[in-house]
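Q: I have a model open and would like to learn how to read its sheet, its cores and one residue in a loop. Where should I begin?

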Amino acid sequence: MNRYLYIQFYRNKSYIIALLFLLMAGLMAIYTGKKFLDRNEDIISRSGAFQKESIERNTKFHKDDLGLVLYYIKFNLVNETPRLAALNIGMRDLNPSIQGVTIRNLEEQRYNADFYNPANAAVGNFDFSFVVVFLFPLVIVAFCYNLISEEEEKGTWKLLSVQSGNLQKFLDQKMFVRLLAVTAVYFALIIIASVWIKIPLDSYYTAFIISGWLYIILWFALCRWMVSFRKTSAQNALILLIVWVGINFIIPMSSNILIQKLYPVHESLKAVMEQREGYHNKWDEAKQPTMEKFYKAYPQYRNFTVEENDAFTWTWYYAMQHMGDLESAKSSELYTEKMQKRNQAADYLGYFLPNLHTQLAQSHLAKSDMNNHLQYASSLKKFHEKKRLFFYPLIFSGKSAESVNWAQQTIEVFKFSSSIKWIQILLPYLIFITLFIILSQYKYRKLC
């Protein structure tokens, strides 16, 4: 019987075309991810050369004025991009993987993102996770929606009931054939991605593969339960498509609107405006109040005094710049806090929506999620402060550009380390799969 079911399945040209469609879509997604990584690496390598060139050019023309040199020079911090990010680009298509900052005020610079193509920024990238989450379920629905109804509509169901000793086993074998076919395509794409993109087979990649496969099994379990109601083929297809549209679009969009209402984020723009007002207004204000606030933040620089009648000094200028960041610090912290709450709300919602859980879990494993972006932003703030504290004493004491060993000022890399929470990743899949199998098993007993 198994051999007959395999032959029957693979002789159906529609099924073969659907599998080829999945394979081609997966290959296109892998290619998109490969191009993303190549572009990312190219930007990083060019940024290193540009930073070196910028340092050489500015130190050549302004070698006697270190404050002016550092007004222009940007120092780059790279957000390390793992090879796995090619399969789930996530937030990386909106947030830059490298950002350059001067030692001037930070808040205005940190929100300068790399919107290299507004169209891509609007629709996102066609990555491998998109194919798994959105396209694989459609093919699974097409394979399974008429598992029982087809036999009934052909008039062969009663004949099968008489000839087959175990109808449940027969139906499960038909579904197993389809599961093997879809699984074969999935793992073929995984192998191709591993070789083509050179993704290391570590624990992150292993968890990524397992989560995608369990998501596929979950949809087969859902179809098993749905067809057990013995609806017509049209009804089964319609119900499964409504479920697909509901969990992929309607519920997430509605939830996103609710999350935005609960946690409105206006602080990024507010922080930029506050820091701009914070340092622009200082041009028309007395210098001493600004310097006193600066000395309070950094008492080690109190010996670098600024007189009220001084026309212009770099000590006052960079102190004024930092005041802009201090005056917008509260808004910046609120922005980060609200984005973390939004991310947590999405995580909780994912426990009830397997598709959302898959996207969030895989973006976490690929280090392309919101948490990675927030950690990178925090690291950028520390990186900026480290540069400021290194150069402040040199600028304030009137050193020239030649006093700095510029060869040490190279690109730095932020490496985000996160643990794999296996239970949180796998448990939602196992719960839903078990639930659908139990529910369908109850119906199958009455059916068979």
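A: Begin with the sheet, and keep in mind that this is a predicted model. Three strands make up an open sheet, ordered E2-E1-E3, with mixed pairing.

Q: Which strands stand at the edges of the sheet?

A: The edge strands are E2 and E3 (412-414). Each has a single partner strand, so one side of each has no neighbour in the sheet. On average, neighbouring strands here are turned by 25° against each other, direction ignored.

Q: How many bridges join strand E1 to E2, and how do the two run?

A: Strand E1 covers residues 75-79, and four bridges join E1 to E2. The two strands run antiparallel. As one example of a bridge, Val78 is partnered by Ile98 in E2.

Q: Which helices pack on the sheet?

A: H2 does, touching E1 and E2. The direction of H2 makes about 165° with that of E1. Helix H17 (residues 370-396) also packs on the sheet and touches E1, E2 and E3. For H17, the angle with the direction of E1 is about 155°.

Q: Now the loop. Where is Thr102 found, and is Thr102 buried or exposed?

A: Thr102 sits in the loop between strand E2 (98-101) and helix H4 (107-110). To judge burial, compare the relative accessible area with the cut-off: under 20% counts as buried. Thr102 has 2%, and is therefore buried.

Q: What is Thr102 in contact with, leaving aside its neighbours within four places in sequence?

A: The contacts are Leu70, Tyr71, Tyr72, Ile73, Lys74, Gln109 and His384. There is also a polar atom of the Thr102 side chain that lies 3.3 Å from the backbone nitrogen of Arg104.

Q: How should I read a nonpolar core?

A: In soluble globular proteins, nonpolar side chains tend to be buried together. In this model, the largest nonpolar core has 76 residues. Those with the most contacts inside this core are Leu84, Leu87, Phe128, Phe136, Phe143 and Tyr205. Several helices each supply at least two of its residues, including H1 (2-10), H2 (13-61), H6 (128-144) and H9 (167-197). Helix H10 gives the most to this core, with 17 residues.

Q: What does Leu87 touch, not counting residues up to four places away in sequence?

A: Leu87 touches Ile30, Asp127, Phe128, Ser129, Ala193, Ile197, Ile199, Tyr205 and Phe208. Apart from the largest core lies another core, of 37 residues, with Ile103, Phe294, Tyr301 and Phe383 among them.

How values were computed:
Residues are numbered from 1 along each chain as its sequence is written. This is a predicted model: local features need pLDDT of at least 70, side-chain atom pairs count only at pLDDT 80 or more; totals for chains, interfaces and linings use all residues. Side-chain values use heavy atoms; hydrogens and water are left out. A nonpolar core is a set of buried Ala, Val, Leu, Ile, Met, Phe, Trp, Tyr and Cys residues joined through side-chain atoms within 4.5 Å. Buried means under 20% relative accessible area, exposed over 50%, partly exposed in between (1.4 Å probe, protein chains only). Contact means heavy atoms within 4.5 Å. A polar contact is a pair of N or O atoms within 3.5 Å; within protein, one must be able to donate a hydrogen and the other to accept it, and residues adjacent in sequence count only if both atoms are side-chain atoms. Two strands pair if DSSP finds at least two bridges between them. Axes are lines fitted to C-alpha atoms, for helices over the stretch in contact, and angles run from 0 to 180 degrees between N-to-C directions.
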